[in-house]
Amino acid sequence: PVHIHEVGRDRRKMLAVALAVAGSALAVPFKGPNMNGDYVISRTPNAPTNETFNTNWEDYPGGVEYFDVYMGPITHHYSEVFWTELPETEFPPEIVQRFQGKGMAIVGYEVDQVRRKGSKDVDGSILQEDVSVPINVAYNHHHDMTILGAGSRMEKVPYDPSDPSVPVMMRADPNFVTMAVEHTPSKIGLPTSAGLHEGNGGEYRKSYHGFAPGVAYLIDSPRAAHVLPMQIDTWNRDEMNL
């Protein structure tokens, strides 16, 4: 989820993501509803009419676990565009310790934008739970997330602005792209980073971010997440209630 904190007429937000992890030795397989409810996806052309793709995480074959990561905050004013990388966010210590020297299989993720439990509401009261932020208040144009293992770090790499192979959505900085660079190869032959660059815009909450069973992002010794969000502040404080 993404969390938004109010300070005067600024908006401070935190991006939080729930990562779904599959494995052969799950501690406690997840049972419960999806974070963002049902995901409706289109049928593949010529697919059997009596079969559907199950998007409920609790029904994933073999089970999944998940953990939450909150990233941010993001601060901006009405009509401003925020297109800046956020500080790297470490994973929970128990996750880092559990997968140190081992591979994690990431089969999907969910994301939301929220005002976080314990933060101050616009009326001065304290929020008792995470509250999702309406899309007409904070428009998520796109977000690029990188999962980092112990063998990789984020670095600013110079690029040629005339190079058409550099994606437009990576050009938040006119001179550098921030990307994962491996400094220590995996001893178990796995990637040391993973890019979750789906780039969803306003439909990001209700888009299904998951693989078919048997497919996953694999990463050795996962330790942290890095995100480059592009947020547009569409909340007119004088005309719109939150």
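Here is a walk through this predicted model, from the whole chain down to a few individual residues.

Let's start with the overall fold. The chain is built from 14 strands and one helix. Its radius of gyration is 19 Å, close to the 18 Å that the globule rule gives for 242 residues, so the chain is as compact as a globular protein of that length. If you lay the C-alpha trace along its principal axes, it spans about 55 × 45 × 40 Å. Of the 242 residues, 43% are buried.

The contacts tell you how the sequence is folded back on itself. Take the contacts between residues at least 6 apart in sequence: 79% of them join residues at least 24 apart. On the outside, the chain exposes about 12600 Å², and carbon and sulfur atoms supply 54% of that area. As for charge, there are 20 positive and 31 negative ones, and the mean positions of the two sets are 3 Å apart.

Now zoom in on Ser-152, a good place to begin the local tour. Ser-152 sits in strand β9, which covers residues 152-158. Is Ser-152 buried or exposed? With a relative accessibility of 1%, Ser-152 is buried, because the cut-off for that label is under 20%. Once you skip residues up to four places away in sequence, Ser-152 touches Val-181, Glu-182, His-183, Thr-192, Ser-193 and Arg-223. One of these, Thr-192, is also a polar partner: the side chains of Ser-152 and Thr-192 make a polar contact at 2.6 Å.

So follow that contact across to Thr-192. This residue is in the loop between β10 (176-182) and β11 (193-196), and Thr-192 is buried too, with a relative accessible area of 4%. Which side chain does the side chain of Thr-192 reach at 2.8 Å? That would be Glu-182, through another polar contact. You can therefore step from Ser-152 to Thr-192 and on from Thr-192 to Glu-182, side chain to side chain, using polar contacts as defined by N or O atoms within 3.5 Å. Beyond its neighbours within four places in sequence, Thr-192 has a longer contact list that includes Ile-147, Leu-148, Gly-149, Gly-151, Pro-185 and Ile-219. For a sense of distance, Val-181 is 11 residues from Thr-192 in sequence, and their C-alpha atoms are 8.9 Å apart.

Leu-148 and Gly-149 turn up again in the surroundings of Ser-221. Leaving aside its neighbours within four places, Ser-221 is in contact with both of them, along with Phe-99, Gln-100, Gly-101, Lys-102 and Ala-150. Ser-221 is found in the loop between β13 (217-220) and β14 (222-233). It counts as buried, at 6% relative accessibility. A polar atom of the Ser-221 side chain lies 2.8 Å from the backbone nitrogen of Gly-101. The backbone of Ser-221 deserves a look as well: its phi is positive, at about 50 degrees, although Ser-221 is not a glycine.

Next, move over to Leu-86, in the loop between β4 (81-83) and β5 (89-90). Leu-86 is another buried loop residue, with a relative accessible area of 4%. Not counting residues up to four places away in sequence, Leu-86 touches Met-71, Gly-72, Pro-73 and Ile-74, and also His-226, Val-227 and Pro-229. Two of those names are worth a second glance. What is the geometry of the peptide bond from Gly-72 to Pro-73? It is cis, with omega near 5 degrees. Pro-73 itself is found in strand β3, residues 65-76.

The last stop is Asn-46, and it takes you well away from Leu-86. The two are 40 residues apart in sequence and 42 Å apart in space, C-alpha to C-alpha. Asn-46 has its place in the loop between β2 (10-22) and β3. At 81% relative accessibility, Asn-46 counts as exposed, whereas Leu-86 is buried. Like Ser-221 with its positive phi, Asn-46 has a positive phi without being a glycine, here about 70 degrees.

Key:
Residues are numbered from 1 along each chain as its sequence is written. This is a predicted model: local features need pLDDT of at least 70, side-chain atom pairs count only at pLDDT 80 or more; totals for chains, interfaces and linings use all residues. Side-chain values use heavy atoms; hydrogens and water are left out. Helices (H or I, at least four residues) and strands (E, at least two) are DSSP runs, numbered from the N terminus. The radius of gyration is taken over C-alpha atoms; the globule rule is 2.2 Å times the number of residues to the power 0.38. Buried means under 20% relative accessible area, exposed over 50%, partly exposed in between (1.4 Å probe, protein chains only). Contact means heavy atoms within 4.5 Å. Accessible areas come from the Shrake-Rupley method with a 1.4 Å probe; for residues, only the protein chains shown count as cover. Lys and Arg count as positive and Asp and Glu as negative; His and the chain ends are not counted. The place of a charge is taken as NZ of Lys, CZ of Arg, CG of Asp or CD of Glu. A polar contact is a pair of N or O atoms within 3.5 Å; within protein, one must be able to donate a hydrogen and the other to accept it, and residues adjacent in sequence count only if both atoms are side-chain atoms.
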